[in-house]
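This report goes through a single protein chain, beginning with the whole fold and then turning to one helix, one threonine and the cysteines. Please keep the sequence and the model in view while reading.

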Amino acid sequence: MIILLITFILLLCLNMPIAFVIGIAGVAYFITNGTIPISIAVQRVVAQTQSYSFLAVPFFIFAGSLMNETGITKNLLRLAQIITRKMWGGLAQINVLLSTMMGGISGSACADASMEARVLGLDMVRRGYPKGYSAVVTCLSSLITATIPPSVGLILFGFVGGVSIGRLFIAGIIPGLLMCVALMITVHFTAKKHGYEPPTHKYEPIDKKELRYTLKESIPALLFPVILLVGIRIGLFTPSEGGAFAVVYAIFIGKFVYKELTWQKFLISLKNACMDTGVILMIICLSGVFSYAITKEKVPVLISEAVMGITSNPALLQIIILILLFLLGMVLDSDVNTLLLTPIFLPIVEAAGIDPVHFGVMMATLLTVGVMTPPVGTACYIVCGILGCPIEEYIKYSIPFFAAVLIVFIILIFLPDVVLFLPNLVYGS
């Protein structure tokens, strides 16, 4: 066990790609253990891919990539502009609202943050927003994609923990909308305080004709998560089959509705999806070796006993676990954390009587927060790199936005029915 931890920390400090860090650390455990055949390490790598549910991941990644190339983003952007034109910090408000609408398409916080940094972040800087403020709004708004279905984090949690992905998808809707409202309120007050982009159409009525036209053009994109959730609920398809449906839907909308999908764009989407899927698949495969090692050494049992020894209060227990997840999310990729930590913490929360769907939404969202915080925050470094923003400036402007996110988390922790209302309504208690 000591060799496993030393190897893991050493390779992590050397900045080795995380897939190889967990894979090599796991193999080091097998080599030094002496009682376990090394062939089991190979078997664990292959075994991780033998899941029908996992097919949902590459399908949804490909669908999101296709939809970004088919004019859907452009139409959603136009709709967001109409809705937010009477608000303080109009472009920043558009950024948050677009992330909410794109959450049902991209399913990935990093993908959403990267796209919006190029589409809106650079425009925000040109309009006089500080780079740090633009980076924070772009980055933190992409957190919404962690809950709005089809979230890749929720798929992985359901895949590893054996939790209904359909229930997780529906449970993420209200938290995602709450996050959107909290961030838009924060944008309003911070923009008003600093004088960022006062409303230019405050006293002008919204052009209903323009709104109807834009809404009509955006309906195919807005309908996608609705069709997906209804299809899964009525048994038309499983989450994995829903991913395949998403690909077909994206191709149909891009080719026959918006008429912007060409062979060149299709191949670009396929290439991007293959690269993203390859990264995730490598992590998933090699995490099997690492997970076997920590399970063999009874790490989940030891952590469970330690945490349960602190308190038996479900709410306090969940807070302690979520703090641990946040700290781990600051140093490890969210997908890696989901794969490695779900088998450890899920049995603890279930034993404490906490609903696994409630915990899954909280875990997926909180681990995604880690993607937006130094020292290993992938999304914040991507956005800061695109906008040319120093990380110190990003941290300076992030405080009120992280405070808003914290308030939403407190609501979700102490009012679990906010998360569970929709899945209980649709699936039953």
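## Overall fold

Buried residues, meaning those under 20% relative accessible area (exposed is over 50% and partly exposed is in between, with a 1.4 Å probe and protein chains only), make up 52% of the 429 residues in the protein chain. This is a predicted model, in which local features need pLDDT of at least 70 and side-chain atom pairs count only at pLDDT 80 or more, while totals for chains, interfaces and linings use all residues. Residues are numbered from 1 along each chain as its sequence is written, and side-chain values use heavy atoms, with hydrogens and water left out.

The protein chain has 21 helices and zero strands, both being DSSP runs numbered from the N terminus (helices are H or I, at least four residues; strands are E, at least two). Its radius of gyration, taken over C-alpha atoms, is 22 Å, close to the 22 Å that the globule rule (2.2 Å times the number of residues to the power 0.38) gives for 429 residues, so the chain is as compact as a globular protein of that length. Along its principal axes the C-alpha trace spans about 75 × 45 × 45 Å. Of the contacts (heavy atoms within 4.5 Å) with a separation of 6 or more, 80% are between residues 24 or more positions apart.

## Helix α21

Helix α21 comprises the 12 residues 416–427, and its end C-alpha atoms are 16 Å apart, in agreement with the expected span of 16 Å (1.5 Å times one less than the number of residues). Its buried residues are Val419, Leu420 and Pro423. Seen down the helix axis, these fall within an arc of 75 degrees, taken from the directions from the axis to the C-beta atoms, so they line one face of α21.

The buried residues of α21 pack against α10 (165–171), α11 (173–194), α18 (356–370) and α20 (391–414), whereas the face turned away from the buried side carries the exposed residues Asp417, Phe421 and Leu425. Glycine 428, whose phi is positive, near 95 degrees, follows α21.

## Threonine 147

Threonine 147 lies in the loop between α8 (131–141) and α9 (152–161), and is buried, with a relative accessible area of 2%. Leaving aside neighbours within four places in sequence, threonine 147 is in contact with residues including Phe169, Ile173, Val361 and Thr365. A polar atom of its side chain lies 3.4 Å from the backbone oxygen of glycine 172.

## Cysteines

With a disulfide defined as a pair of cysteine sulfur atoms within 2.5 Å, the count comes to zero. The sulfur of cysteine 384 has its closest cysteine sulfur in cysteine 389, at 4.2 Å, which is too far for a bond. Cysteine 384 is buried, with a relative accessible area of 5%.

How values were computed:
A polar contact is a pair of N or O atoms within 3.5 Å; within protein, one must be able to donate a hydrogen and the other to accept it, and residues adjacent in sequence count only if both atoms are side-chain atoms.
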